[in-house]
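Got the viewer open? Let's take a walk through this one, a stop at a time.

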Amino acid sequence: MPRSHLSIDLSVINQIQIYCQKQFPDPAYGILAGTTHHITHFFPIANLNPSYCSFEFEPREYLETIKKLRTLNLDWIGMIHSHPFNEAYPTLRDLNQWCYGEKSCWIISLRKKEIHLCAYYIQLNQQVTSIIYEIL
Ligand SMILES: [Zn+2]
């Protein structure tokens, strides 16, 4: 059962923001990890396809990150990517490409000066459910 409530460290949000703003105007991607429902780590992952909203990761970097999660004994909690010009809601393309099951889908919108970070579950039938998260 997916968890309807997650928490995330403020320092992780700051790392995400800095990284995504550095990649701007390209979208940025990464993995969020921690312990059961609490996110403590952000691992950026380079994308092979600079086009908008495509989960085509650089394979070596992707595998290295998965290995790192195991070594550090971290749970893989979610995927994050940025929407440089759009709102923080999954696009049709996001839904079609989602292959991470019950992991949470985090989107950070850089459209406005103040960042907007939202988290969702994407079900097999592409139904999108908002996740309430707490910043710690
Ligand atoms: Zn997207």
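Start with the whole chain selected and colour it by burial: 29% of its 136 residues count as buried. Keep in mind that this is a predicted model. While you are zoomed out, check the overall dimensions: the C-alpha trace spans about 35 × 30 × 30 Å along its principal axes. The radius of gyration is 14 Å, which agrees with the value near 14 Å for a compact globule because the chain has 136 residues.

Now switch to cartoon view. You should find three helices and seven strands, following the pattern β-α-β-β-α-β-α-β-β-β along the sequence.

Next, select the strands. The seven of them close into a barrel, in the order 1-3-2-4-5-6-7, with mixed pairing. From one strand to the next, the twist averages 40°.

Zoom in on residues 29-35 and 75-83. These are strand 2 and strand 4, an antiparallel pair joined over six bridges. Which residue stands opposite glycine 30 in strand 4? Click across and you land on isoleucine 80.

Then pick residues 10-23, which form helix 1. Helix 1 lies across strands 1, 3, 4, 5, 6 and 7, and runs at about 25° to strand 3 (38-44).

Last stop: residues 59-71, helix 2. Helix 2 has 13 residues and reaches 18 Å from first C-alpha to last, close to the 18 Å expected at 1.5 Å a residue. After helix 2, click asparagine 73, where phi is positive, near 60°.

Before you close up, turn on contacts: of those with a separation of 6 or more, 63% are between residues 24 or more positions apart.

Terms used
Residues are numbered from 1 along each chain as its sequence is written. This is a predicted model: local features need pLDDT of at least 70, side-chain atom pairs count only at pLDDT 80 or more; totals for chains, interfaces and linings use all residues. Two strands pair if DSSP finds at least two bridges between them. Helices (H or I, at least four residues) and strands (E, at least two) are DSSP runs, numbered from the N terminus. Axes are lines fitted to C-alpha atoms, for helices over the stretch in contact, and angles run from 0 to 180 degrees between N-to-C directions. Two residues are in contact if their C-beta atoms, placed from the backbone, lie within 7 Å. The expected span of a helix is 1.5 Å times one less than its number of residues. The radius of gyration is taken over C-alpha atoms; the globule rule is 2.2 Å times the number of residues to the power 0.38. A residue is buried if 20 or more other C-beta atoms lie within 10 Å of its own, exposed if 12 or fewer, and partly exposed in between; C-beta atoms are placed from the backbone.
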